[in-house]
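User: Pick one spot in this model and walk me through it up close. I'd like to know what sits around it and how it ties in with the rest of the fold.

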Amino acid sequence: MSNPDSFIEEVTEEVRRDRLFRLMRRYGWIAVLAVLLLVGGASWREWRAAQDRAAAEALGDGILTALELPDPAARVAALEALTATGEARGLVKLLIAGEIGAEAAPELRAMADDPSLPLHYTHLAALKLVMIEGRGAAPDARLQSLAPLAEPGRPFRPLALEQMALAEIDAGNTSAALGHLRALVEDAGASAGLRQRASQLIVALGGGSDEG
């Protein structure tokens, strides 16, 4: 005779399997769908990543090819023909501005005021605009444009401080110019060449040598 306990366990296990099979027949499609979605989602992300990489590489190759052209007009035409969006669009516009010089002022002004571009691109556009316009713009207007760029922690603070010093000199404010130059010399983010220029200008303005 069979052990009653063993028989009950076998029956119970059979009932459990039967319930599991019924549940799988009824709801198994959900698990299958979940697996398909996971696999499909991963494949789609991988495809998008590959597409993005290919597009970035193509854009990089296009930029390098354009910049290697011997004629400035041809370089500009090649850069303008590139398809770029987001940050890449800002980079291409800045490269074009560097090629056309003063004629880029309207484009740079539009970039500086474009909220869709990252901050470092809008700040660089504003800085290049000030440098292109030079003394053609009033010192007060230049200082107003440069002030946000010269705040601590900004990526172009050293260059902005130099331009602010030049604007203050044009405005006849030697003391303010020296303040900007000394801040530049003490800025850890400034290059050695930039600090040297600032120190030389400090001496030229009668402020004594601040070069360490």
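Analyst: **A close look at R157**

R157 is part of helix α7 (helices are DSSP runs of H or I, at least four residues, numbered from the N terminus). Keep in mind that this is a predicted model, where local features need pLDDT of at least 70, side-chain atom pairs count only at pLDDT 80 or more, and totals for chains, interfaces and linings use all residues. Residues are numbered from 1 along each chain as its sequence is written, and side-chain values use heavy atoms, with hydrogens and water left out.

R157 counts as buried because its relative accessibility is 17% (buried is under 20%, exposed over 50%, partly exposed in between, using a 1.4 Å probe and protein chains only). A polar atom of the R157 side chain sits 2.4 Å from the backbone oxygen of A150. Skipping neighbours within four places in sequence, R157 is in contact with L149, A150, E151, P152, A183 and D187 (contact means heavy atoms within 4.5 Å).

Now for the helix's wider setting. The largest nonpolar core has 22 residues (a core is a set of buried Ala, Val, Leu, Ile, Met, Phe, Trp, Tyr and Cys residues joined through side-chain atoms within 4.5 Å). Helix α7 (157-170) gives two or more residues to this core, and so do α5, α6 (139-146), α8 (174-186) and α9 (192-204). L146 and L184 have the most contacts inside the core. Again leaving out neighbours within four places, L146 touches L127, V130, A160, Q163 and M164. Another core, of ten residues, lies apart from that one, and includes A104, A105, A125 and L129.

Terms used. Polar contact = N/O pair within 3.5 Å; in protein donor to acceptor, adjacent residues only side chain to side chain.
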